[in-house]
Amino acid sequence: MFLKRWSVAIAIWCLFVGTVGAGNASPTPMDFVKERIDQIITILNDPTYHTPGQKGSQRDRIWEVSQPMFDFKEISQRTVGPKWDLFSEAEKEQFTHVFSSFLGNTYIDKIQGEYHNEQIVYLKELVKEPLALVRTKLVRESVEIPIDYRLRKNDNQWKVYDILVENGVSLVQNYRVQFRSILEKEPPAELIRRLEQKLQEQNQALQ
């Protein structure tokens, strides 16, 4: 269970890393994912952040390098599903901002608490532009967990919009079920309000 939780966390968050260097050739989807994961693992292993009182700095660094890796607007739209059309443009921007911060708090905290030198093996990539799938597995001792990354190319840059862990369990579909039940009874503003409340509770717990 522990490894599963961590694998989900790293899968979701190792997604969230780094920027593509200006002027460089566009990396393949697998190169893109690998570069970001390597950066996150480097930060996790950096002894600078292992001294007392440095967890917050490590968290900020992980967020800094990981945030540009994800297409949060695409993630938000796919998570809400057809109900996305009910959101005003301002609500779409607000939801995307709050949801991305909520995901960051949720998964960076798990990664920091549960990382124990697991290895990531890169298996293959399937590309049919503008979409791609990168297949990997997380290995710890004798346990292996498949992790697939769905990417979309926009403005000549790949970004992750979903992650599938183990038997194809999708991050987007997981949250879509939760949000759908709210949006069937409440307007988008109520969903945003509830997310903001959860985000505030997260931030207070992290202080």
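Start by selecting D148, which counts as buried at 17% relative accessibility. Here buried means under 20% relative accessible area, exposed means over 50%, and partly exposed lies in between, using a 1.4 Å probe and protein chains only. D148 lies in strand β3. Leave aside its neighbours within four places in sequence, and D148 is in contact with L133, V134, R135, T136, D162, I163 and L164; contact stands for heavy atoms within 4.5 Å.

A word on what is loaded: this is a predicted model, in which local features need pLDDT of at least 70 and side-chain atom pairs count only at pLDDT 80 or more, while totals for chains, interfaces and linings use all residues. Residues are numbered from 1 along each chain as its sequence is written, and side-chain values use heavy atoms, with hydrogens and water left out.

**The whole chain**

Zoom out and colour by secondary structure. The protein chain has seven helices and five strands; helices (H or I, at least four residues) and strands (E, at least two) are DSSP runs, numbered from the N terminus. Going from the N terminus, the elements run α-α-α-α-α-β-β-β-β-β-α-α. Of the 207 residues in the protein chain, 47% are buried. Among contacts between residues at least 6 apart in sequence, 60% join residues at least 24 apart.

**The sheet**

Now select the strands. All five form an open sheet in the order β1-β2-β3-β4-β5, with antiparallel pairing; two strands pair if DSSP finds at least two bridges between them. β1 (119–128) and β5 (169–170) stand at the edges with a single partner strand each, so one side of each is left without a neighbour in the sheet. At the β5 end, strand β4 (residues 157–165) pairs with β5 in the antiparallel sense over two bridges. Pick L164 there, and you will find that its bridge partner in β5 is S170.

Next, add helix α2 (residues 29–45), which lies across β1, β2 (131–140), β3 (143–154) and β4. Helix α2 runs at about 155° to β1; axes are lines fitted to C-alpha atoms, for helices over the stretch in contact, and angles run from 0 to 180 degrees between N-to-C directions.

**Charged pairs**

Side chains of opposite charge can pair when their charged atoms come close. The structure holds 14 salt bridges, each being a side-chain nitrogen of Lys or Arg within 4 Å of a carboxyl oxygen of Asp or Glu. Select K55 and D109, whose side chains meet in a salt bridge (3.8 Å, N to O). This pair links distant parts of the chain, with K55 in helix α3 (residues 55–66) and D109 in helix α5 (residues 89–114), 54 residues apart. K55 is partly exposed at 46% relative accessible area, and D109 is partly exposed at 32%.

Add R59 to the selection: R59 forms a salt bridge with D109, with the closest N and O atoms 3.4 Å apart. R59 in helix α3 and D109 in helix α5 are 50 residues apart. R59 counts as buried, at 12% relative accessibility. Salt bridges that share partners join K55, R59 and D109 into one network.

For another pair, go to K137 and E144, whose side chains meet in a salt bridge (3.3 Å, N to O). E144 is partly exposed, with a relative accessible area of 48%.

**Two packed helices**

Keep α5 on screen and add helix α7 (residues 188–206). The axes of α5 and α7 come within 9 Å and cross at roughly 35°. The crossing is left-handed, a term for a near helix turned anticlockwise from the far one by less than a right angle, with clockwise being right-handed. Residues making the contact include F95, F99, F102 and D109 of α5 and L191, L195, L199 and L206 of α7.

**Aromatic rings**

Finish with the rings of Phe, Tyr and Trp (its six-membered ring), which pair if their centres lie within 6.5 Å; planes under 30 degrees apart count as stacked, over 60 as edge-to-face and the rest as tilted. By this rule the count comes to eleven aromatic pairs. One of them joins W63 and F72, with centres 6.2 Å apart and planes at 40°, so the pair is tilted. W63 is partly exposed at 22% relative accessible area, whereas F72 counts as buried at 10%. The rings of F70 and F72 have centres 5.7 Å apart and planes at 35°, so this pair is tilted. F70 is buried, with a relative accessible area of 4%.

For your last selection, take W84, F87, F95, F99, F102, Y175 and F179, which ring pairs link into a cluster.
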